[in-house]
Amino acid sequence: MDRYFEDRLLEEDPVLSEVVAASERAGLPAIQLSASQAKQLELLVRIAGATQVLEVGTLGGYSAIHLARGVGAKGRVVTLEIDPAHAEVARRNIELAGVADRVEVIEGSALEILDSMIMDGDGPFDFIFIDADKESNVGYVERAVALGRPGSVILVDNVVRDGGVADESSERPDIVGTRAMMDLLHDHPRLEATAIQTVGVKGYDGFALLVLS
Ligand code: SAH
Ligand code: DHB
Ligand code: MG
């Protein structure tokens with residue numbers, strides 16, 4: 001079905017094909033969003049009417065390019081990446097996609113960068129996409145709340161993992177991290193949330209969709 005939807009709903013996009021190929025050539029892990037998920041991200045940004053977007057976890061810039069397309073020419077995307085090699089590939093890909101003027105890649109530990117952004121009074125961001133080390137998901141959501149405003153949308157990747165996230169006995173750090181985030185959401189006073197489960201070329205996974213009040 002994913003191939004079918006890609007074929008019917010997504011346009012041939014030589015730039016995106018080259019972005020994926022360049023990331024692969026550079027030896028980056030192929031863990032970026034699938035084409036259908038990335039389009040979903042772009043459309044969610046547009047539905048939210050977001051112009052100020054924050055991303056945690058850039059990799060080769062594939063999702064950041066979709067965020068940039070979602071915000072349009074007058075929008076701005078800030079994306080955080082700890083691995084300098086990933087950040088370098090991302091900057092080249094973002095340039096290739098023609099959105100370098102609206103995307104800033106900041107290198108470093110996301111928790112530290114987010115804390116300094118909070119200290120500096122940055123934001124508010126209309127839309128925040130969290131897709132880095134899952135162990136830090138609680139910390140990322142807490143900081144996203146601080147950098148958002150009432151109505152901000154927060155989207156968190158990889159909250160299904162083939163059903164692994166429902167496994168209470170799992171000791172996998174990523175699962176434990178994502179489950180801790182779900183516990184935080186369970187009775188968070190300012191966050192309403194649901195999950196969008198996805199199945200496709202990346203297997204069975206999904207996003208948590210949060211709205212801040
Ligand atoms: N959003 C990307 C995929 C991100 S993969 C896309 O769909 O195209 C996760 C990325 O998070 C990796 O590049 C990894 O290096 C980065 N990352 C992991 N831990 C991090 C941290 N503590 N701070 C910032 N980035 C981190
Ligand atoms: C994997 C997939 C992801 O979307 C991610 O953010 C990290 C890892 C994976 O398939 O291993
Ligand atoms: Mg992910």
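**Exercise 1.** Which polar backbone atom lies 3.0 Å from an oxygen atom of ligand 1, that is, to which residue does that backbone atom belong?

*Solution.* Before we start: this is a predicted model, in which local features need pLDDT of at least 70, side-chain atom pairs count only at pLDDT 80 or more, and totals for chains, interfaces and linings use all residues. Residues are numbered from 1 along each chain as its sequence is written, chains are lettered from A and ligands numbered from 1 in the order in which they are written, and side-chain values use heavy atoms, with hydrogens and water left out.

Step 1: look at the backbone. The residue is Leu33; a polar contact here is a pair of N or O atoms within 3.5 Å.

Step 2: turn to side chains. An N or O atom of the Glu81 side chain is 2.6 Å from an oxygen atom of ligand 1, while for Asp133 the side-chain partner is a nitrogen atom of the ligand, at 3.2 Å.

Step 3: check the cover. On its own, ligand 1 has 590 Å² of accessible area (Shrake-Rupley method, 1.4 Å probe), and the protein covers 90% of it.

**Exercise 2.** Find the residues around ligand 2 and its polar partners.

*Solution.* Step 1: list the residues with a heavy atom within 4 Å. They are Ile31, Asp131, Lys134, Asp157, Asn158, Arg161 and Lys202.

Step 2: pick out side-chain contacts to oxygen atoms of ligand 2. Asp131 offers a polar atom at 2.7 Å, Lys134 an N or O atom at 2.9 Å, and Asp157 one at 3.1 Å.

Step 3: finish with cover. The protein covers 69% of the 290 Å² that ligand 2 has accessible on its own.

Note on methods. A polar contact is a pair of N or O atoms within 3.5 Å; within protein, one must be able to donate a hydrogen and the other to accept it, and residues adjacent in sequence count only if both atoms are side-chain atoms.
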